[in-house]
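Reader: I would like to go through the interior and the surface of this model, one question at a time. Please give the reasoning before each result.

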Amino acid sequence: MSSLSPRTKRVLDAISDLSSYRLLWYSLTDRPIPLEGIETDNGPTGEFGIPRDEPVDDRTVIPKIVFQTWKSHHEMPANYRYWRTSFLLTNPGFRCFLWDDNDNRQFIEQRFPWFLGRYNSYPKEIFRADVIRLFFLYVYGGFYADMDSECLRPLEDMREMGDVLVGRMGGDNDFEHSIPNAVMASKAGQAFWLLAIAFASERLAEFHLRKGAQDIRPEW
């Protein structure tokens, strides 16, 4: 196999990878392949916080945690429930948290009370959903994924890839969303997230100075 060219190896890897067939099926039929084995109902599918008797002591690897947030535990679009199920099914040994808006606010109130006033001053929940992931990853580590993300492969192999993992969209350094916040991961206690929180605080202050400019988007 070592004599194969990189292109040939990529083709063989794609042929043997079930996720490739899932994507092909979706592109041809506009319907996702059914996920069997785990059902998520409309009730709470996560818990608030990680119990204090289960601290994240091992900071040598990314914890087996998947964090997601949605506005409600009880009402979720069917496609979001499907994509969330893909994380539960593909990573059976992981703890998959789903926090709603109230959980997010309670977390900030309990762990970062100095930020609560700023947190409440955001104009919409989407801004708060964007910033909460920074605080969660700093405290607990693990993987964050937007609700419209589908997990095609187990996350286990990524746990030793680095201290902080972020995605990249394309190779254009000038593209505003070159590094999106839709999927991120890290070990617990990484100062990278403190820097991101500091930048977010500066942007929020500028937002208020501009008296809530309507052209400012959550990503900014």
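Reader: Which residues does Asn-91 touch, not counting residues up to four places away in sequence?

Author: In this predicted model, Asn-91 lies in the loop between helix H3 (78–90) and strand E2 (95–99). With residues up to four places away in sequence set aside, the residues touched by Asn-91 are Cys-151, Pro-154, Leu-155 and Glu-156.

Reader: Is Asn-91 buried or exposed, and which backbone oxygen does its side chain reach?

Author: Buried means under 20% relative accessible area. Asn-91 has 3% relative accessibility and therefore counts as buried. Its side chain reaches, at 3.1 Å, the backbone oxygen of Phe-87.

Reader: Which helix gives the most to the largest nonpolar core?

Author: The largest nonpolar core has 29 residues, and Phe-135 is one of those with the most contacts inside it. Strands E1 (65–69) and E2, together with helices H4 (101–111), H5 (116–121), H6 (125–139) and H7 (191–209), each supply at least two residues of this core. The element that gives the most, with eight residues, is H6.

Reader: How many residues are in the second, separate core?

Author: This second core is separate, and its members include Phe-87, Phe-94, Leu-155 and Ala-185. Leu-155 is also one of the residues touched by Asn-91. The number of residues in the second core is 12.

Reader: What is the area of the nonpolar surface patch that includes Val-166?

Author: Val-166 is found in strand E4 (residues 164–166), and because its relative accessibility is 41%, it counts as partly exposed. Together with Ile-179 and Phe-192, Val-166 makes a nonpolar surface patch of about 270 Å².

Methods: Residues are numbered from 1 along each chain as its sequence is written. This is a predicted model: local features need pLDDT of at least 70, side-chain atom pairs count only at pLDDT 80 or more; totals for chains, interfaces and linings use all residues. Side-chain values use heavy atoms; hydrogens and water are left out. Patches are made of residues with over 30% relative accessible area and no salt bridge: like charges are joined within 9 Å, nonpolar side chains (Val, Leu, Ile, Met, Phe, Trp, Tyr) within 5 Å. Accessible areas come from the Shrake-Rupley method with a 1.4 Å probe; for residues, only the protein chains shown count as cover. A salt bridge is a side-chain nitrogen of Lys or Arg within 4 Å of a carboxyl oxygen of Asp or Glu. Helices (H or I, at least four residues) and strands (E, at least two) are DSSP runs, numbered from the N terminus. Buried means under 20% relative accessible area, exposed over 50%, partly exposed in between (1.4 Å probe, protein chains only). A polar contact is a pair of N or O atoms within 3.5 Å; within protein, one must be able to donate a hydrogen and the other to accept it, and residues adjacent in sequence count only if both atoms are side-chain atoms. Contact means heavy atoms within 4.5 Å. A nonpolar core is a set of buried Ala, Val, Leu, Ile, Met, Phe, Trp, Tyr and Cys residues joined through side-chain atoms within 4.5 Å.
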